[in-house]
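New to this one? Here is a relaxed walk through the model, from the overall layout down to single side chains.

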Amino acid sequence: MHQAASLQFERMMDELVLWHAVPEDERSTAPAWWWGPAMAVLDTHEPMRQAWCSELGLSQDSSFAEGAHVLLALFAKQTSPTWPDDFPRKVQIKEDDVRELHPQPSDDSAFQA
């Protein structure tokens with residue numbers, strides 16, 4: 001496996017451990033950047049580290065390809081990406097932080113007939 005793909009996958013697995021430590025109802029959606037490292041190893045049939053297999057709920061002799069399928073399944077039902085501040089836990093927005101957005105006047109002067 002290419003060293004860059006290996007390093008990205010390792011970084012993703014470190015983040016997955018943090019993500020799994022958050023209770024499911026408080027957990028953010030899977031970050032979109034995980035898609036790339038999962039796709040990079042989709043055809044890699046080398047065995048993964050045993051700790052990674054366990055974290056993904058796979059048998060101890062599972063390949064990177066099998067791990068990639070588990071990771072890609074995390075995105076199957078997602079309808080929007082995770083916001084940067086929402087990882088690994090959803091950010092609780094305080095009422096004081098909510099701003100009302102007012103409509104702005106449009107500037108159509110660039111489209112004069």
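Reading from one end of the sequence to the other, you meet the pattern α-α-α-α. That makes four helices and zero strands. Keep in mind that this is a predicted model.

**The big picture**

The protein has 113 residues, and 28% of them count as buried. About 8400 Å² is exposed, with carbon and sulfur atoms supplying 53% of that area. How much of the contact network joins residues at least 24 apart, if you look at contacts between residues at least 6 apart in sequence? The share is 62%.

**Helix α4 and its buried side**

A good place to start is α4, which covers residues 64-73. Its buried residues are F64, A65, G67, A68, L71 and L72. They span an arc of only 155 degrees around the axis, so they sit on the same side of α4. The spacing fits a general rule: an α-helix has 3.6 residues a turn, so residues three or four places apart point the same way. And what do the buried residues of α4 pack against? Their partners are α1 (3-20), α2 and α3.

Just ahead of that helix is S63, in the loop between α3 and α4. With a relative accessible area of 7%, S63 is buried. Leaving aside residues up to four places away in sequence, S63 touches T44, H45, E46, P47 and M48. Take M48 from that list: it is 15 residues from S63 in sequence, yet the two C-alpha atoms are 5.3 Å apart in space.

**Rings that meet**

The model has five aromatic pairs. One of them brings W35 and F75 together edge-to-face, with 5.6 Å between centres and 75 degrees between the planes. W35 belongs to helix α2 (residues 35-40), while F75 lies in the segment after α4, so this pair ties together parts that are 40 residues apart in sequence. Is W35 buried or partly exposed? It counts as partly exposed, because its relative accessibility is 43%. F75, on the other hand, counts as buried at 13%.

Another pair is W52 with F64: the ring centres are 6.1 Å apart and the planes meet at 75 degrees, so this one is edge-to-face too. W52 sits in helix α3 (residues 50-55) and F64 in helix α4, twelve residues apart, so the pair links distant parts of the chain. Both W52 and F64 are buried. Which rings form a cluster with them? Ring pairs link F9, W52 and F64 into a cluster.

Rings also get company from charges. R11 places its charged end over the ring of W33, 4.3 Å from the ring centre. R27 does likewise with W19, where the distance to the centre is 4.8 Å.

**Salt bridges**

How many salt bridges does the structure hold? There are two, and the table sets them out.

| Residues | Closest N to O |
|---|---|
| R49 and E10 | 3.7 Å |
| E15 and R11 | 3.8 Å |

Start with R49 and E10. R49 lies in the loop between α2 and α3, and E10 in helix α1, so their bridge ties together parts that are 39 residues apart in sequence. R49 counts as partly exposed at 45% relative accessibility, and E10 counts as partly exposed at 26%.

The bridge between E15 and R11 stays inside one helix. These residues are four apart in helix α1, so about one helical turn separates them. E15 counts as buried, with a relative accessibility of 16%, whereas R11 counts as partly exposed at 44%. R11 is also the residue whose charged end sits over the ring of W33.

**One last stop in α1**

Helix α1 also holds A5. Why does A5 count as buried? Its relative accessibility is 14%, and the cut-off for buried is under 20%. A5 and A38 are 33 residues apart in sequence, but their C-alpha atoms are 9.0 Å apart in space.

Notes: Residues numbered from 1 in each chain as written. Predicted model: local features only at pLDDT ≥ 70, side-chain atom pairs only at ≥ 80, totals over all residues. Heavy atoms only, no water. Helix = DSSP H or I, 4+ residues; strand = E, 2+ residues; numbered from the N terminus. Buried < 20%, exposed > 50% of the residue type's maximum accessible area, 1.4 Å probe, protein only. Contact = heavy atoms within 4.5 Å. Areas by Shrake-Rupley, 256 points an atom, 1.4 Å probe, with all protein chains shown as cover. Phe/Tyr/Trp six-rings, centres within 6.5 Å; stacked < 30°, edge-to-face > 60°. Lys NZ or Arg CZ within 6 Å of the ring centre and 35° of its normal. Arc of directions from axis to C-beta. Salt bridge = Lys/Arg side-chain N within 4 Å of Asp/Glu carboxyl O.
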